Amino acid sequence: MTYVVTEDCIKCKYTDCVEVCPVDCFYEGENMLVINPSECIDCGVCEPECPAEAILPDTEDGLEKWLELNTKFSAEWPNITGQKDPPADADEHKGEKGKFEKYFSAEPGQGD
């Protein structure tokens with residue numbers, strides 16, 4: 001098992017989860033974060049820290065797409081190990097549906 005970041009992170013990109021991760025397995029895209037599944041130790045401390053409720057265990061149904069996306073982009077995006085301010089409009093996008101189709105960007109973030 002591993003944890004994955006899902007669509008709910010897009011355009012929110014709160015980094016509370018990054019701050020508590022003991023193994024620094026988060027990677028930063030332009031408008032979302034992902035977890036490297038091979039680095040994640042399945043501790044679960046990140047899940048309750050996410051204000052957008054975007055982090056889920058990959059054992060939940062229907063998360064295959066997100067496991068693939070997390071795997072792919074954690075190999076391409078820079079590592080992030082510390083908390084940053086969320087985007088100014090993050091709260092406006094919290095809970096919004098269909099964010100992947102509307103907003104997903106494969107562009108990397110800045111990382112640390």
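Of the 112 residues in this chain, 44% count as buried, and since the model is a predicted one, everything that follows describes computed geometry. Let's start with the overall layout. The chain holds four helices and four strands, and reading from the N terminus the elements run β-α-β-β-β-α-α-α. With a radius of gyration of 12 Å, close to the 13 Å that the globule rule gives for 112 residues, the chain is as compact as a globular protein of that length. Along the principal axes, its C-alpha atoms fill a box of roughly 30 × 30 × 25 Å. The accessible surface comes to about 5700 Å², and 46% of that belongs to carbon and sulfur atoms. Take the contacts between residues at least 6 apart in sequence: 77% of them join residues at least 24 apart.

Now step inside. Nonpolar side chains in soluble globular proteins tend to be buried together. Here the largest nonpolar core has 30 residues, and V5, F26, M32, I35 and I55 are those with the most contacts inside it. At least two residues of this core come from each of strand 1 (3-5), helix 1 (16-20), strand 2 (26-28), strand 3 (33-35) and helix 2 (64-74). I35 is a good place to pause and look around. Leaving aside residues up to four places away in sequence, I35 touches T2, Y3, V4 and V5, then C25 and F26, and further along C40, C46, I55, N70 and S74.

Two of those neighbours, N70 and S74, lead us to helix 2. Which residues of helix 2 are buried? They are W66, L69, N70, F73 and S74. These residues cover an arc of only 110 degrees around the axis, which puts them on the same side of helix 2. Turn the helix around, and the face directed away from the buried side carries the exposed residues E64 and E68. As for what lies over the buried residues of helix 2, the cover includes strand 1, strand 2, strand 3 and helix 4 (99-103).

Past the end of helix 2, we come to P78, in the loop between helix 2 and helix 3 (90-93). P78 has a relative accessibility of 24%, so it counts as partly exposed. Which residues does P78 touch, not counting residues up to four places away in sequence? Its contacts are F26, Y27 and E28 on one hand, and P108, G109, Q110 and G111 on the other. For a sense of distance, P78 and D8 are 70 residues apart in sequence and 20 Å apart in space, taken C-alpha to C-alpha.

One of the residues that P78 touches, E28, brings us to the charged side chains. The count of salt bridges comes to four. In one of them the side chains of E28 and K84 meet, at 2.8 Å from N to O. This pair links distant parts of the chain, with E28 in strand 2 and K84 in the loop between helix 2 and helix 3, 56 residues apart. The two partners sit in unlike surroundings: E28 is buried, with a relative accessible area of 4%, whereas K84 is partly exposed at 27%.

Elsewhere, K72 forms a salt bridge with E76, their closest N and O atoms being 2.9 Å apart. K72 is partly exposed, with a relative accessible area of 44%, and E76 is also partly exposed, at 45%. K102 forms a salt bridge with E96, again with 2.9 Å between the closest N and O atoms, and E96 is buried at 17% relative accessible area. Salt bridges that share partners join K13, E28 and K84 into one network.

K13 deserves a second look for its backbone. Most residues other than glycine have a negative phi. The phi of K13, however, is near 45 degrees, a positive value in a residue other than glycine. K13 lies in the loop between strand 1 and helix 1, and at 11% relative accessibility it counts as buried. D24 also has a positive phi, of about 55 degrees, although it is not a glycine. Its place is in the loop between helix 1 and strand 2. Is D24 buried or partly exposed? With a relative accessible area of 32%, D24 is partly exposed.

Note on methods. Residues are numbered from 1 along each chain as its sequence is written. This is a predicted model: local features need pLDDT of at least 70, side-chain atom pairs count only at pLDDT 80 or more; totals for chains, interfaces and linings use all residues. Side-chain values use heavy atoms; hydrogens and water are left out. A nonpolar core is a set of buried Ala, Val, Leu, Ile, Met, Phe, Trp, Tyr and Cys residues joined through side-chain atoms within 4.5 Å. Buried means under 20% relative accessible area, exposed over 50%, partly exposed in between (1.4 Å probe, protein chains only). Contact means heavy atoms within 4.5 Å. The arc is that of the directions from the helix axis to the C-beta atoms. The radius of gyration is taken over C-alpha atoms; the globule rule is 2.2 Å times the number of residues to the power 0.38. Accessible areas come from the Shrake-Rupley method with a 1.4 Å probe; for residues, only the protein chains shown count as cover.
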